[in-house]
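Work through the exercises below with the coordinates open beside you, trying each task before reading its solution.

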Amino acid sequence: MTTVLETRNLVKRFGGFAATNDVSLKVEKGARQALIGPNGAGKTTLINLLTGVLEPTAGTVMLEGEDITKLPSHQRVRRGIVRTFQINQLFSELTPLQSLALTVSNQLGISARFWQALGRDERVAARCEALLAQFHLDDVQDQKVALLAYGKRRQLEIATALACAPRVLLLDEPVAGVPEGERQEIFDIVNALPAEVTVLLIEHDMDLVFNFARTVSVLVNGSLFAEGDVKSIANDPRVKSVYLGEGTPHG
Amino acid sequence: MSAAQSIAADRRWRPWELVLLAALVISWFAAGNEHSLLGNEIAIFALFALSLDLILGYAGIISLGHAAFFGVGAYTAALFAKHVMPDPLVGLVVGTAAAALLGALSSVLVMRGSDLARLMITLGVAAILYELANKLEFTGGADGLQGVSMGLLLGRFEFDLYGRTAFAYSLVLLVICLLIARRIVASPFGWSLRAIRDNRLRAAAIGLNVDLRLGAVYTLAAAMAGTAGALLAQTTGFASLDVLDFHRSADVMLMLIIGGTGWLWGGVLGAIGFKLMHSVLSAWTPQYWTFWLGLFLVVLVMVGRDRFFKSWTWWK
């Protein structure tokens, strides 16, 4: 197995508070890895550091052995690091179709065209159609995103990320707020991604984590607390105590 | 409707667009000698407002100093005609290029920051240019640049006293810029601007270079504003401090608010509405017409543009 994404001694401080504290994390190519931890453990901050939304105070982020710590987020996307957001981040005045058509155009490298209409390239509509059908958005493809029901917007959130053709997909609580019945479907789509696509999942719901992930990393107070395969983490008494709120060993 | 059909429908010409385009052409014939000067002025303002719509309506960059580019276009065209050559089209290109250059340089300042920061920065840039034009020798200071005589348009048409040539000239440029803008906003680049306006964070997360795109559209809008300014200087034969004045930036914003942002025609309709209101109100009450303008704007914004203009929804 080769390491695709790696952090080395990553630190992010906000004033005196270390949201990410000396995290050295390795994600193998094709991994289905989960990142768990109690509220405020620094999971989203870590994702922001990996995707370039935030700049680390210290440490490095490596993609396939290359230092990308200083790379702006849009260039990381071009290299295949794509994320979803815990709170929907969508283009509210666009329709799902327009959002996806733009995203697909960018993925195809034709989004800088200014003299040719969006969707002129046939590949765009074809790819959009597939994504819209996959995420059950085809019935609302021409409605403004701002007017969509929450569940639909959540689907679009994930669909937009997949439209970027990720090689490393970072899912920040992808099914937060999604009705019970539709959750599994989203995971089925993620599971159906090609084996070489790496998925790092942040999730609160332990059932989902243990169903989906093969390896689990536990983050507590900004530091990596435990790491291992699903079984050992599920049975780790220290992890249990963290989740049951019996105080953390770090105080 | 399939995705392919639906996406193609976005770029298709709608009947009302063709009607409005035809109306623009007809306006030249309808204006006659009597109204061509007013028509010219409206066409220039419409172009100016169109340029603001590109950054405000599409990219979400709020600016209170858009007159900076209008003024640079006007002064450059006037200086060029006076000192280099009087050909209008060459002068127009030079004026446009000068404004585009300033746009590209100052775009760095508006790429980041909040709306408030952008308001202050754009206001500041325009104020600096205003005082430069006031202070410098070659711009004529407070007197402005007088006696700019233009050559024949296309070597054939003289700029007449009634403004027939001027109106035709400005109208053609307005239509060309409208067509260019329409084409651009329908492109992937154009859609990426709306995406950036709606959610900058996500725009970067799908791999768009937000800063570069904002810089590009700011430069484009500056160029079009420069065209409008150059047209004004060329068709009126002078450039004064007025072209850089704060009220220019504010007026053009008002026009866009009246006409609505984000659909290109808002600038055109807003410019017509604003100028007609100005004419009617100031004929009626020359001293206090801004009172009525102000009242209109307050009502417009409080009621909401859509509701205000759709009078059939008032009593529902």
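The exercises that follow concern a predicted model, and each is solved step by step.

**Exercise 1. Work out how chain A is built and how its radius of gyration relates to the globule rule.**

Step 1. Begin with the secondary structure, where a count over chain A gives nine helices and 11 strands.

Step 2. The radius of gyration of chain A is 19 Å, and the globule rule, which is 2.2 Å times the number of residues to the power 0.38, gives 18 Å for 251 residues; the two values are close, so chain A is as compact as a globular protein of that length.

Step 3. Along the principal axes, the C-alpha atoms of chain A occupy a box of roughly 55 × 40 × 35 Å.

Step 4. Of the 251 residues in chain A, 45% are buried, and among the contacts with a separation of 6 or more, 66% join residues 24 or more positions apart.

**Exercise 2. Describe the domains of chain A and the contact between them.**

Step 1. The assignment places residues 1-80 together with 166-251 in domain 1 of chain A, and residues 92-164 in domain 2.

Step 2. Taken over C-alpha atoms, the centres of these two domains of chain A lie 27 Å apart, and their contact takes 10 residues from domain 1 and eight residues from domain 2.

Step 3. On the side of domain 1 of chain A that touches domain 2, helix α6 (residues 180-191) of chain A gives the most, with three residues, and by class this side has eight nonpolar, one polar and one charged residues.

**Exercise 3. Carry out the corresponding analysis for the domains of chain B.**

Step 1. Chain B is divided into domain 1, residues 18-284, and domain 2, residues 286-316, with 25 Å between their C-alpha centres.

Step 2. Seven residues of domain 1 of chain B are in contact with seven residues of domain 2 of chain B.

Step 3. On the domain 1 side of this contact, the elements giving two or more residues are α10 (246-259) and α11 (265-284) of chain B, and α11(B) gives the most, with four residues.

Step 4. Sorted by class, the residues on that side of domain 1 of chain B are four nonpolar, three polar and no charged.

**Exercise 4. Determine whether the length of helix α5 of chain B agrees with its expected span, and where its buried residues lie.**

Step 1. Helix α5 (residues 115-135) of chain B has 21 residues, which at 1.5 Å a residue should span 30 Å, and its end C-alpha atoms are 30 Å apart, so the two agree.

Step 2. The buried residues of α5(B) are Arg118(B), Thr122(B), Val125(B), Ala126(B), Leu129(B), Tyr130(B) and Ala133(B); viewed down the helix axis they fall within an arc of 135°, and therefore they line one face of α5(B).

Step 3. These buried residues pack against α3 (67-83), α4 (88-110) and α10 of chain B, whereas the face of α5(B) turned away from the buried side carries the exposed residues Leu116(B), Glu131(B) and Lys135(B).

**Exercise 5. Characterise the side of chain B that touches chain A.**

Step 1. The contact between the chains takes 29 residues from chain B and 37 residues from chain A.

Step 2. On the chain B side, α1 (3-9), α6 (164-185), α7 (188-198) and α8 (200-205) of chain B each supply at least two residues, and α7(B) gives the most, with eight residues.

Step 3. By class, this side of chain B has 15 nonpolar, eight polar and six charged residues.

Methods
Residues numbered from 1 in each chain as written. Chains lettered and ligands numbered in written order. Predicted model: local features only at pLDDT ≥ 70, side-chain atom pairs only at ≥ 80, totals over all residues. Domains from an automatic or database assignment. Contact = placed C-beta atoms within 7 Å. Nonpolar A, V, L, I, M, F, W, Y, C, P; charged D, E, K, R; others polar. Buried ≥ 20, exposed ≤ 12 C-beta atoms within 10 Å, placed from the backbone. Expected span 1.5 Å × (residues − 1). Arc of directions from axis to C-beta.
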